[in-house]
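Work through the exercises below with the sequence and the structure at hand. Each task is followed by a worked solution.

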Amino acid sequence: ASSEAVTPGTQADGVLTVYSPQADADRGPWIQAEAEKALGFKVNFLTANGAELAERLRAEKGNPQADVIMGLVQTALYQLKDEGLLTPYTPTWAEGLPAAYKDKDGYFYSFWQTPIIIGYNTQYIANPPASWQDLIKDEYKGKYAIGSTSSQTVRTYLIGMLWPYYDAATGDISQEGWDFLTKLYANAYAMPTDADAWKVYADGTVPITLNWFGGAKAKSAAYNAPIAYVKPADGTPVVAEGIAEVAGTDQEAMAQAFIEW
């Protein structure tokens, strides 16, 4: 289930195409197999970072190639809704969801949520940061890395760290907030694009991870590396990821069956 290996379904070919950042090598094959078994039709996944998938939907607006978008955070889905890229559909499982997890006009619904965490390798970090803001301290220089801003997880924790500096009246981030962000990047480890982030976590090179909880838990176990989690007194970001029918799909019945599943 990769962007290189998947050819999106076109026309009425009996194949459902789902764009999802959750269709990576760790999760995609399992979701695909379970969906096909349950639904009785072929499901193709195309996976990339959330921002990349949203841009792809925009580029394909005149000739949609996806039938379902799955796993984007709410802010991204609201943008796609406003741009006319989604079609309303309400699955039965939406009943009872808190209002925060469903679009009031029925364009998308969130199907899971996860905290974004600071995790640390207890073999190498004895005094972990107490908060997200602590990361700029000298003692954590080079001990964490910041991923690509095309990642929903990275966008979420950056926004979370800037939130204390946000003025709701003006919609602006204070200069203090931008100064903090500058220090955050200056203090971070410059991760090479081809580096294995979990290998350098396990060997102590970069023993602090900024990640989503489920991924950190699974990857640390896969690399046989210990992990503990910071519990900031002022909280940590929690994201809810949703699912929606893509406007213009020619596989509407299958799209809705998949969303229901």
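The model is predicted. By the rule applied here, the count comes to 10 salt bridges.

**Exercise 1. Salt bridge between Arg 58 and Glu 83**

Determine which parts of the chain are linked by the salt bridge between Arg 58 and Glu 83, and state how accessible each partner is.

Solution.
- Step 1: the side chains of Arg 58 and Glu 83 meet with an N to O distance of 2.6 Å. The cut-off for a salt bridge is 4 Å, so the pair qualifies.
- Step 2: Arg 58 belongs to helix H2, while Glu 83 sits in the loop between helix H3 (74–82) and strand E4 (86–87). The two residues are 25 residues apart, and the pair links distant parts of the chain.
- Step 3: Arg 58 has a relative accessible area of 25%, and Glu 83 has 31%. Buried means under 20% and exposed over 50%, so Arg 58 is partly exposed, and so is Glu 83.

**Exercise 2. Further salt bridges**

Give the N to O distance for the pair Asp 105 and Lys 104 and for the pair Lys 137 and Asp 134, then classify the four residues by accessibility.

Solution.
- Step 1: Asp 105 and Lys 104 form a salt bridge at 3.3 Å, N to O. Asp 105 is partly exposed at 38%, whereas Lys 104, at 74%, counts as exposed.
- Step 2: this pair is part of a network of salt bridges that links Lys 81, Asp 103, Lys 104 and Asp 105.
- Step 3: in the salt bridge of Lys 137 with Asp 134, the closest N and O atoms are 3.5 Å apart. Lys 137 is partly exposed, with a relative accessible area of 40%; Asp 134 is buried, at 15%.

**Exercise 3. Asp 67, a buried acid**

Find what the side chain of Asp 67 reaches, and how far away the nearest side chain of opposite charge is.

Solution.
- Step 1: Asp 67 is found in the loop between helix H2 (50–59) and strand E3 (68–73).
- Step 2: Asp 67 is buried and has no salt bridge. The nearest side chain of opposite charge is that of Arg 56, 12 Å away. A salt bridge requires 4 Å or less, so Arg 56 does not qualify as a partner.
- Step 3: the Asp 67 side chain does reach the backbone nitrogen of Thr 17, at 2.7 Å.
- Step 4: beyond four places in sequence, the residues touched by Asp 67 include Val 15, Leu 16 and Thr 17, as well as Ala 244, Glu 245 and Val 246. Thr 249, Asp 250, Gln 251 and Ala 255 are also among them.

**Exercise 4. Helix H4 and what follows**

How many residues of helix H4 (152–162) are buried, what caps its N-terminal end, and which residues form a nonpolar patch on the surface?

Solution.
- Step 1: H4 is mostly covered, with eight of its 11 residues buried. These are Gln 152, Thr 153, Val 154, Thr 156, Tyr 157, Leu 158, Met 161 and Leu 162.
- Step 2: the cap is Ser 151, with a side-chain oxygen 3.2 Å from the backbone nitrogen of Thr 153.
- Step 3: Ile 159, Trp 163 and Tyr 166 form the nonpolar patch, with about 350 Å² of accessible area together.
- Step 4: Trp 163 lies in the loop between H4 and strand E6 (166–167). Its relative accessibility is 55%, so Trp 163 counts as exposed.

Definitions and conventions: Residues numbered from 1 in each chain as written. Predicted model: local features only at pLDDT ≥ 70, side-chain atom pairs only at ≥ 80, totals over all residues. Heavy atoms only, no water. Buried < 20%, exposed > 50% of the residue type's maximum accessible area, 1.4 Å probe, protein only. Helix = DSSP H or I, 4+ residues; strand = E, 2+ residues; numbered from the N terminus. Polar contact = N/O pair within 3.5 Å; in protein donor to acceptor, adjacent residues only side chain to side chain. Patch = residues over 30% accessible without salt bridge, like charges linked within 9 Å, V, L, I, M, F, W, Y side chains within 5 Å. Areas by Shrake-Rupley, 256 points an atom, 1.4 Å probe, with all protein chains shown as cover. Lys, Arg positive; Asp, Glu negative; His and termini not counted. Contact = heavy atoms within 4.5 Å.
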